[in-house]
Amino acid sequence: MGFIWFWLVAVMIVGYVVLDGFDLGVGVLHLFLPQNEAERQVSLRSIGPVWDGNEVWLLAGGGTLYFAFPLLYASAFSGFYLPLMIVLWLLIGRGISLELSNHLDIGVWHTLLDRLFGIASALLAIFYGAALANVIRGVPLQADGFFFLPLWTNWMPGANPGILDWYTVIGGLVALVALTLHGALWLTIKVSGELEARARRIVRPLWMVLAALTVVSLIATMAVRPQTLDNYYRYPVTFIVPVGVIASLVGILFFNRKAQPVRAFLSSSVYLFFMLAGACWGLYPTLLPATAGSGPDITLDRAISGPHTLAVGLAWWIFGMTLAVGYVVFVYSRFRGKADATEGGH
């Protein structure tokens, strides 16, 4: 049962990153890609009907973590209290700016909200990547499973790390570039004209940076936490994960060149899936590793809830996910096609 819940939580995280990832990317591109007010409005309308629904997967993942792995939930939400508060404020700022920008037609406020939307989206992408890198690197767990991390210490991933060090910054940059590329590919599907052409042209330079950062991040992970390769050596068939990462990267560039935006976007989704699934597999069955010299790791066996809780939770999880998936299918099919500058507000 623990194996099932580990991968259910992993699937929900992947679903959140793939779905909310492209609207975060559109937010980052909103800072510089649209060249006039009409293009900015079309850019926002490409994500307007779906951005808040995408964030449901973040809440659902947190709720699932709460009842399936309560020790991990308690430990992570206390130890990462500071960055979680920052993420919460960024989510609030992003939502407010996106909603109000369509209703406040006052020059200075409109510009300010546009900038806030873009900056909050970029910082969220960076913090998500840094958060995953923190989990891979490990945290200074105490014997009771709790810890505290300042925002930074000496920028080194040693026994006394902070949220930000050279390794987690690399993780943040990978997430920023990957989600920006994901957003550019979404725009090639949803917008038209010069904005679509501009989005397609920016894919190649973003792809080159992402390919380089992917290699750097994999080498850095092997240097900081070489144990992440243990599961791969134990089950060599799982080396299909890095092969999938490479194949999806090639697919992004190939389909973008062929002007097949849906396939290019799906390749980007597959890239995000393999990168996250690879990290989960490298950690399994550890949920939150401890840094050298600190307390024991939080493992699946230590953190899992009782059998009755998991059995009841699984029934409700299936019911809730059926509703959520149905809602996603309905919304995306209802708002398929190109966004139009002449449409009403989002």
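A residue counts as buried when its relative accessible area is under 20%, as exposed when it is over 50%, and as partly exposed in between.

**Figure 1. Overall view of the predicted model of the protein chain.** By the definition just given, 51% of the 346 residues of the protein chain count as buried. The secondary structure comes to 14 helices and two strands, and the C-alpha trace spans about 60 × 40 × 40 Å along its principal axes. A compact globule with 346 residues would have a radius of gyration near 20 Å, and the protein chain, with 20 Å, agrees with that expectation. Where contacts in the protein chain link residues at least 6 apart in sequence, 77% of them join residues at least 24 apart. The accessible surface of the chain comes to about 16000 Å², and carbon and sulfur atoms account for 73% of that area.

**Figure 2. Close-up of the nonpolar surface patch that includes Ile96.** Leu88, Trp89, Ile92, Ile96 and Leu100 form this patch on the surface, and together they contribute about 490 Å² of accessible area. Ile96 belongs to helix 6, which covers residues 81-100. The relative accessible area of Ile96 is 42%, so this residue is classed as partly exposed, a value that lies between the limits of 20% and 50%.

**Figure 3. Close-up of Ser97 in helix 6.** Ser97 is buried because its relative accessible area is 1%, whereas Ile96 is partly exposed. A polar atom of the Ser97 side chain lies 2.9 Å from the backbone oxygen of Arg94. When neighbours within four places in sequence are left aside, the residues in contact with Ser97 are Leu113, Leu116 and Phe117.

**Figure 4. Close-up of Arg137 and the residues in contact with its atoms.** Arg137 is placed in helix 7, which covers residues 107-137, and with a relative accessibility of 4% this arginine counts as buried. Two polar contacts of the Arg137 side chain are shown here: one reaches the backbone oxygen of Gly162 at 2.9 Å, and the other, of 2.6 Å, joins the side chain of Arg137 to that of Asp165. Both partners, Gly162 and Asp165, also appear in the list of residues in contact with Arg137 once neighbours within four places in sequence are set aside. That list further includes Leu149, Pro157, Pro161, Ile163, Tyr167 and Thr168, together with Val224 and Arg225.

**Figure 5. Close-up of Ala122 in helix 7.** Ala122 has a relative accessible area of 14% and is therefore buried. Apart from neighbours within four places in sequence, Ala122 is in contact with Val28 and Leu176. Arg201 is included in this view as a reference for distance, being 79 residues from Ala122 in sequence and 20 Å from it in space, C-alpha to C-alpha.

**Figure 6. Close-up of Gly244 in helix 11.** Helix 11 covers residues 240-257, and Gly244 within it is buried, with a relative accessible area of 9%. Thr221 is included as a second point of reference, since Gly244 and Thr221 are separated by 23 residues in sequence and by 18 Å in space, again taken from C-alpha to C-alpha.

Key: Residues numbered from 1 in each chain as written. Predicted model: local features only at pLDDT ≥ 70, side-chain atom pairs only at ≥ 80, totals over all residues. Heavy atoms only, no water. Patch = residues over 30% accessible without salt bridge, like charges linked within 9 Å, V, L, I, M, F, W, Y side chains within 5 Å. Areas by Shrake-Rupley, 256 points an atom, 1.4 Å probe, with all protein chains shown as cover. Salt bridge = Lys/Arg side-chain N within 4 Å of Asp/Glu carboxyl O. Helix = DSSP H or I, 4+ residues; strand = E, 2+ residues; numbered from the N terminus. Buried < 20%, exposed > 50% of the residue type's maximum accessible area, 1.4 Å probe, protein only. Rg over C-alpha atoms; globule rule 2.2 N^0.38 Å. Contact = heavy atoms within 4.5 Å. Polar contact = N/O pair within 3.5 Å; in protein donor to acceptor, adjacent residues only side chain to side chain.
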